[in-house]
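Subject: Structure handover and what was found in it

Dear colleague,

I am passing on the structure we spoke about, so that you can have it open while you read. My notes on it follow below.

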Amino acid sequence: MTGDQTTTQRTDAARAVDDDRIDAARAVDDDRIDAVGWWQLVGLVVVGAGAPALYFVLRPHPVPWTAVVVLGLALAVVLPAAQVRTWSRRGGRAAVLATRRWVQVGTVPADVPDSVWRPRVERWAGELRRRRLSGWIGLVLAVFWGLSAVTGTPSDGVLAAVWVGIAVAGLGWYRGDVARAEQLLSATPRR
């Protein structure tokens with residue numbers, strides 16, 4: 001009887017430790033948006049509303065103001081909604097920030113199980129690869145629109161600047177993170 005009780009106590013203790021690890025991993029999956037995230041969403045609203053206005057103001061041909069307003073409102077809603085959806089699909093903004101921090105530091109806290117951090121880091125590495133590809137595409141399009149701006153309109157210069165921004169974002173940010181993510185993933189799984 002005593003042996004059965006001890007085994008049960010050990011099993012319960014092991015479950016409690018595993019539950020604590022899972023709770024710690026869930027704490028990272030916080031759906032709340034911090035102040036920086038809110039400012040990022042506000043910036044997306046401003047860019048979404050302002051980009052069509054800027055583009056159409058620089059066009060040599062008149063554009064109906066209703067088209068500018070409708071497109072601006074649509075982008076002002078769609079861009080932040082897409083960002084919130086992206087955060088939500090990845091476990092929340094806190095989970096995205098935690099994953100980024102894990103990759104940049106090169107370690108994962110011991111209380112986060114492999115079943116949680118490995119898929120996140122794999123997803124992060126895949127996203128970085130796609131971001132680099134979009135950076136190269138942005139660079140090609142920036143050159144095209146830059147050449148077009150030389151002989152075209154000021155709006156072509158704005159488009160060239162947008163593509164330069166996309167190229168810089170894709171090629172410059174998180175430059176060494178793919179290698180760090182792969183190094184982190186190559187680590188021996190913890191038990």
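A good place to begin is Arg90, which is partly exposed, with a relative accessible area of 26%. Please keep in mind throughout that this is a predicted model.

Arg90 pairs with Glu127 in a salt bridge, in which the closest N and O atoms are 2.4 Å apart. Glu127 belongs to helix α5 (residues 114–151), whereas Arg90 sits in the loop between α3 (65–89) and α4, so this contact ties together parts of the chain that are 37 residues apart in sequence. Unlike its partner, which is partly exposed, Glu127 counts as buried, because its relative accessibility is 10% and the cut-off for buried is under 20%.

Both residues turn up again in the one cavity of 30 Å³ or more that the structure holds. About 80 Å³ of space lies in this cavity, and its lining is made up of Arg90, Ala95, Val96, Thr99, Arg120, Arg123, Trp124 and Glu127. Helices α4 and α5 each supply at least two of the lining residues, with α5 giving the largest share, namely 4 residues.

The salt bridges

How many salt bridges does the structure hold? There are 4, and besides the pair already described, two others may be useful to you when you look at how the helices are connected.

One of them joins the side chains of Asp34 and Arg93, with an N to O distance of 2.5 Å. Asp34 lies in the loop between α1 (2–28) and α2 (35–58), while Arg93 is in helix α4 (residues 93–105), so the pair ties together parts that are 59 residues apart in sequence. Asp34 is partly exposed at 32% relative accessibility, whereas Arg93, at 7%, is buried.

Another is formed by Arg129 and Glu182, whose closest N and O atoms are 2.5 Å apart. This pair links distant parts of the chain, since Arg129 is in helix α5 and Glu182 in helix α7 (residues 177–185), 53 residues apart. Here both partners are partly exposed, with Arg129 at 41% relative accessibility and Glu182 at 40%.

Other contacts in helix α5

Helix α5 also contains Asp114, which is buried, with a relative accessible area of 14%. A polar contact of 2.6 Å joins its side chain to that of Trp117.

A search of the whole structure finds 1 aromatic pair. The rings of Phe144 and Trp145 have centres 5.3 Å apart and planes at 75°, so the pair is edge-to-face. Phe144 is partly exposed, with a relative accessible area of 48%, and Trp145 is partly exposed as well, with 22%.

The annotated spans

Finally, the unreviewed UniProt entry carries the annotation "transmembrane region" for residues 36–57, 63–82, 133–151 and 157–174. In the model, the span of residues 36–57 is 100% helix and 0% strand, and its end C-alpha atoms lie 31 Å apart. Residues 157–174 are 89% helix and 0% strand, with 27 Å between the end C-alpha atoms. The annotation itself comes from the record, while the helix content and the distances were computed from the predicted model.

With best wishes

Technical notes. Residues numbered from 1 in each chain as written. Predicted model: local features only at pLDDT ≥ 70, side-chain atom pairs only at ≥ 80, totals over all residues. Heavy atoms only, no water. UniProt positions renumbered as here; feature names shortened; annotations may be inferred. Buried < 20%, exposed > 50% of the residue type's maximum accessible area, 1.4 Å probe, protein only. Polar contact = N/O pair within 3.5 Å; in protein donor to acceptor, adjacent residues only side chain to side chain. Phe/Tyr/Trp six-rings, centres within 6.5 Å; stacked < 30°, edge-to-face > 60°. 1 Å grid on protein atoms, 1.4 Å probe; cavity = no way out; pocket = protein on both sides within 12 Å on 5 of 7 lines; lining within 4 Å. Points joined across faces, edges and corners; volume = space filled by probe spheres on them.
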